[in-house]
Amino acid sequence: MRLISNILISVILALSLQACEKKNDPAPQTTDRTILVYMIASNNLGDPSDDPEDPRSFDQRDLDEMKLAASKGNLANSRWLVYHHPRKGEIQLKELTKKGFKTLKRYSPETYSVSINRMTEVFDDMRSLAPADDYGLILWSHATGWLETGIDEPTLSTSSKKPRSYGDDRGKQMNIKSLRSALETTPFSFVYADVCNMAAVEVAYELRNVTPAFVASAAQMPANGMPYDLNMRYLTSTKPDLVAAARSTVEYYRSRPAIEHLWCTVSVISTGALDDLARETARIYRSSAYPDNYTPKPLDYSFRYYSDLGHFVDAMSPADKSWHDALDRAVIYAGATESMLGMPLDPHCGLSTYILSSPAASDNSGYSTLQWYKDVAKYQPMQK
């Protein structure tokens with residue numbers, strides 16, 4: 001019995017010491033900026049490439065680009081985190097260092113990465129594990145802009161092939177309104193959407209109160225996405241240079257061989273100016289007729305829900321100075337390659353919009369539930 005008592009006392013003392021050590025662990029040191037890449041690759045972007053010279057999946061390519069940039073010292077005084085949901089394997093929150101990635105936390109696949117609960121959980125973990133004076137967010141996956149075809153809190157079930165708003169996790173998607181709700185929990189100084197079709201005025205307007213700066217593409221993006229090895233230094237600098245990152249991306253695609261048939265649009269949007277743009281656009285919509293023989297300038301070759309906003313407004317009210325001044329305040333950079341699969345891209349105003357063909361079209365994919373529709377698009381003149 002004495003032997004057992006001594007063992008019990010030893011165990012209790014050991015546990016007490018461990019508890020004291022945990023209690024006295026120093027809190028994570030606050031850094032200048034933490035950037036989180038929210039990478040959902042549990043879709044075809046996580047499949048091996050069919051390029052015989054580079055069979056890596058697209059998420060792995062970008063992770064390798066990040067490691068290359070970090071090895072060159074491009075992290076500066078920032079911390080770079082990646083929430084990585086791969087096609088196969090563990091879901092992890094990882095931190096990038098000069099030597100590569102280290103795992104901070106693992107997550108259960110029972111919760112979809114496109115759910116509000118998972119996204120806010122990751123945001124909480126970011127603030128706890130990598131506290132900073134400033135936060136930036138990069139959205140990485142598939143996307144189809146404003147289309148409200150996702151669900152707020154999906155549960156594991158058979159996958160859907162419907163178009164998605166943001167993200168594609170095993171066939172499930174996140175509505176833009178749900179994304180807005182998740183972003184309301186964390187003060188991101190910028191959101192960079194490294195996905196397709198998110199520079200829709202409907203999306204930017206929906207997110208205007210949750211981040212001051214929004215970077216996105218008005219058209220579809222090639223699977224290659226942003227060149228992280230070139231752009232990390234712009235995002236981790238003392239003051240993030242979003243225009244430099246956007247311009248670098250456009251120049252990267254302009255320099256690619258024509259045989260690759262790659263294209264790119266990137267816009268940098270000052271969301272605080274979108275209320276003025278909404279008022280000016282609503283003014284023109286109220287006072288104008290649908291332009292005769294008008295053909296929209298498409299920015300998407302599959303869904304056709306995205307047309308150039310400036311092209312449409314100018315057709316109704318040519319060179320309207322008040323409107324263009326408001327646009328210039330809202331879109332501080334808009335760059336593009338010359339074309340996308342034969343469709344001209346350059347010039348473009350930097351924002352797409354859905355052009356309503358009839359009142360019934362407002363019911364398409366939940367369009368009438370968006371704030372841009374309620375404040376602006378409901379006044380749009382219709383084609384007779």
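How much space lies in the second largest pocket? I looked that up before anything else, bearing in mind that this is a predicted model. The second largest pocket holds about 220 Å³ of space.

**Entry: second largest pocket**

I pulled the lining next. It has 13 residues, and those closest to the pocket centre are A258, H261, L262, T337 and S339. I then asked which elements give two or more residues to this lining. They are α7 (242-254) and β13 (339-340). Sorting the lining of the second largest pocket by class, I got seven nonpolar, three polar and three charged residues.

**Entry: largest pocket**

On to the largest pocket, where I noted about 900 Å³ of space. Its lining runs to 42 residues, with L45, F58, P222, A223 and N224 the closest to the centre. Which helix gives the most to the lining here? I found that helix α2, residues 58-71, does, with four residues. By class, the lining of the largest pocket splits into 15 nonpolar, twelve polar and 15 charged residues.

**Entry: the sheet**

Then I turned to the strands. I traced an open sheet of nine strands, and wrote down the order as β4-β3-β2-β1-β5-β8-β9-β10-β12. The pairing is mixed. Why is one side of β4 and of β12 left without a neighbour in the sheet? Both stand at the edges, β4 at 100-107 and β12 at 331-336, and each has a single partner strand, so one side of each has no neighbour there. I also took down the twist, which averages 15 degrees from one strand to the next.

A reminder to myself: strands of a sheet pair through backbone hydrogen bonds, either parallel or antiparallel. I picked out one pair of each kind.

**Entry: β1 with β2**

This is my parallel case. Strand β1 covers residues 31-40 and strand β2 covers residues 78-85, and I logged eight bridges between them. Going down to single residues, I found I40 opposite H85 of β2.

**Entry: β3 with β4**

This is my antiparallel case. Strand β3, residues 91-97, pairs with β4 over seven bridges. I looked for the bridge partner of I91 in β4, and it is Y107. How many residues lie between β3 and β4 in their hairpin? I noted two. So that I keep the picture straight: β4, the hairpin partner of β3, is also one of the strands at the edges of the sheet, with a single partner strand.

Key: Residues are numbered from 1 along each chain as its sequence is written. This is a predicted model: local features need pLDDT of at least 70, side-chain atom pairs count only at pLDDT 80 or more; totals for chains, interfaces and linings use all residues. Side-chain values use heavy atoms; hydrogens and water are left out. Two strands pair if DSSP finds at least two bridges between them. Axes are lines fitted to C-alpha atoms, for helices over the stretch in contact, and angles run from 0 to 180 degrees between N-to-C directions. On a 1 Å grid over the protein atoms alone, a cavity is a set of points where a 1.4 Å probe fits but cannot get out, and a pocket is an open set with protein on both sides within 12 Å along at least five of seven lines; lining residues have an atom within 4 Å of a point. Grid points are joined across faces, edges and corners, and a volume is the space filled by probe spheres set on the points. Ala, Val, Leu, Ile, Met, Phe, Trp, Tyr, Cys and Pro count as nonpolar, Asp, Glu, Lys and Arg as charged, and the others, Gly among them, as polar.
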